[in-house]
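Biologist: Got a minute to walk me through this one? I'd like to start with the packing.

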Amino acid sequence: MERIQIELVQKDKAMYDPDSVVNLEIKVKNLEEKVIQDLTVQLQPSHLETPLESETSNTFDLEPNEEKVVQMEWQTPKEDFKGYLLDIELVDNQLETMDTTTTAVDVSSSWTKFPRYGYVWDFTEDVNTKEKIDTLKNRNINALEYYDWKYKHHLPIPEDREKESWLDWSGRPIFAKSIRNYIQDAQEANMVNVPYNMAYAAVDGYEEDGVKQEWALYYADDNDRGTGHFQFSMSDTASLYFFDMSNKEWQDYIFNRTNEVFEMFDFDGWHADTVGEWGEMQTEDGHTLYVKDTYTEFLNLAKAAMPEDKYLVFNPVGAQGIENVNVSDVDVLYTEIWPWDQDLDGELYDDYYSLKKVIDISREQSGGKSLVVPAYMSYDYGELNPGSAFNTAAVMLTDVTTYAAGGSRMELGDGNNMLSNEYFPAQHLFMDEELQARIDQLYDFIVIYENLLRDGQENIENVIDITDYNHSANGDSDSIWTYAKEDEDYEIVHMINLLGVSDNDWRANEGKKETPTVIEDYEVKYYYNDEIESVWLATPDENQNRSIELPMETGTDENGDYVLLEIPSLEYWNMLYMKKK
């Protein structure tokens with residue numbers, strides 16, 4: 001058989017409007033020493049288990065050892081907020097398959113329903129913005145946080161609008177031209193651009209820029225975490241000073257400064273940050289408060305103060321006060337998770353189940369929004385071992401936990417990098433080739449199946465029985481974590497493999513995590529609510545994200561009606577979706 005390969009598939013955008021054109025570049029290589037004539041690339045789109053009728057093809061020849069980029073187009077359907085799989089097959093003139101691959105297409109008019117948030121932070125003069133944007137676009141990242149791009153926290157852009165470069169608080173050079181280049185390149189890829197800034201902080205010299213000391217936030221008298229003006233030392237030469245978010249004059253000041261940003265740069269909103277909850281505070285006149293209790297009003301006013309087409313994202317660090325953010329007017333939910341913080345039930349955010357729980361609660365309180373979780377992997381290991389590789393199993397288990405629950409991650413940015421630290425330029429760890437390949441598949445998977453993952457699905461307490469293997473409903477270590485959801489059309493079962501994994505902590509702070517024990521040919525008995533028409537298996541771990549239909553037996557016992565299924569294998573994450581009759 002001739003050796004012909006599909007080497008790469010690239011789309012021109014991260015997401016597409018309904019009824020628009022997807023432009024594809026499919027790189028094909030002839031490894032033979034002879035001409036290959038009448039090769040055809042066939043493109044077959046599908047939505048979940050259903051093939052679409054819009055199949056297209058392109059026929060061409062290849063010279064010996066030639067590498068060719070084949071251009072193809074696909075017209076997206078008119079329905080909004082849908083994910084699609086494009087099955088790409090390379091066949092010869094006898095219609096024999098030479099190679100196959102798949103890619104994902106998100107047809108969404110806004111990023112807020114299915115956020116896939118990434119970041120950029122390098123604003124030096126000669127940075128290759130196009131290369132970094134392309135890498136993130138190819139992983140379907142549809143929005144970017146611009147981290148530490150600003151002039152000052154309380155004065156994001158210089159008062160001299162002609163100023164084209166400045167130093168950030170740490171002394172890093174920032175060039176306005178680079179910011180504009182990122183924005184332009186991202187816009188061409190249909191990615192949203194959101195600048196980062198604190199919601200309530202200023203740096204040294206703030207009074208010279210119009211910030212009044214009477215707006216300051218002070219530690220309350222009985223707060224044992226500090227005294228005086230609430231502040232952080234960021235370095236030997238820079239400190240952050242915090243102000244009362246409920247103070248009307250501070251609100252007017254920071255909202256006006258934020259709107260000035262939109263006059264200088266074509267940004268799409270504001271990513272507002274905090275440093276979390278530090279106990280009882282007081283204002284200059286002695287009024288006591290907790291910062292988290294000011295979130296809802298501040299965010300509603302901030303959203304109203306910005307132009308109507310601008311997005312608002314907010315980070316209640318440690319999910320402290322997240323309940324106040326969930327009911328606010330923010331467009332996208334986002335929270336840094338730290339394992340020492342507690343939820344309202346007093347439970348730590350330290351294990352896999354805690355991630356699912358905060359995603360579930362946020363969805364319920366917000367009316368269906370998908371929480372973005374920047375949970376920094378192997379934090380201490382990264383700081384102590386810079387230049388080392390991420391543990392693939394650790395990253396994958398936290399990722400699949402988050403996405404199966406209906407949330408999203410903030411982890412990819414600056415081209416091909418992954419976060420291990422809340423200071424985004426501190427790129428301590430790197431993704432090895434295996435992790436990169438898995439991330440490529442995973443970030444296609446979450447697009448292809450977005451309508452089963454975070455599109456109105458609700459948890460259900462149906463019994464799931466796995467013969468011969470430990471299984472749990474709460475993500476216990478050394479078990480298969482199983483739970484069910486449903487929507488109008490499907491009942492869905494998630495199976496996350498923790499077999500052979502001795503600790504169910506998500507952080508893997510020491511850089512260690514056992515690779516789950518792969519199992520094959522195992523039985524699942526699922527007790528359903530509605531009569532099942534067909535059962536499909538999807539996984540990011542194999543079969544290039546294609547769904548496969550499973551044979552099923554039905555029966556009834558003392559627990560109710562069930563389907564009995566034989567599952568071929570489980571590596572990290574299997575999703576069963578069952579079409580209701």
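**Packing and strands**

Modeller: Sure. Keep in mind that this is a predicted model. Leaving aside residues up to four places away in sequence, Y146 touches V120, F123, I179, Y182, I183, A186, N193, V194, P195, Y196 and F267.

Biologist: And in the largest nonpolar core, which residues touch the most other members?

Modeller: Y146 and W573, out of 141 residues in that core. Helix α8 gives the most to this core, with nine residues. Another core, of 25 residues, lies apart from it and includes V28, L52, V70 and L86.

Biologist: Back to α8, then. How do α8 and α9 cross?

Modeller: The axes of α8 (residues 392-405) and α9 (residues 433-448) come within 11 Å and cross at roughly 5°, so the two helices are roughly parallel to each other. On the α8 side, the contact is made by T392, V395, M396, D399, V400 and Y403. From α9 come E434, L435, R438, I439, L442, Y443 and I446.

Biologist: What's the mix of nonpolar, polar and charged in the contact of α8 with α9?

Modeller: Nine nonpolar, one polar and three charged.

Biologist: Switching to strands: is β33 mostly covered or not?

Modeller: Mostly covered, with eight of its eight residues (490-497) buried. One side has Y490, I492, H494 and I496, the other E491, V493, M495 and N497, and all are buried.

Biologist: Which strands does β33 pair with?

Modeller: β32 (residues 480-486) pairs with β33 in the antiparallel sense over seven bridges, and the two form a hairpin with three residues between them. I480 stands opposite N497. Seven bridges also join β33 to β39 (residues 573-580), again antiparallel, with L576 as the bridge partner of V493.

Definitions and conventions
Residues numbered from 1 in each chain as written. Predicted model: local features only at pLDDT ≥ 70, side-chain atom pairs only at ≥ 80, totals over all residues. Heavy atoms only, no water. Axes fitted to C-alpha atoms, helices over the stretch in contact; angles between N-to-C directions. Helix = DSSP H or I, 4+ residues; strand = E, 2+ residues; numbered from the N terminus. Parallel < 35°, antiparallel > 145°, perpendicular 65-115°, else oblique. Contact = heavy atoms within 4.5 Å. Nonpolar A, V, L, I, M, F, W, Y, C, P; charged D, E, K, R; others polar. Core = buried A, V, L, I, M, F, W, Y, C linked by side-chain atoms within 4.5 Å. Buried < 20%, exposed > 50% of the residue type's maximum accessible area, 1.4 Å probe, protein only. Pairing = 2+ DSSP bridges.
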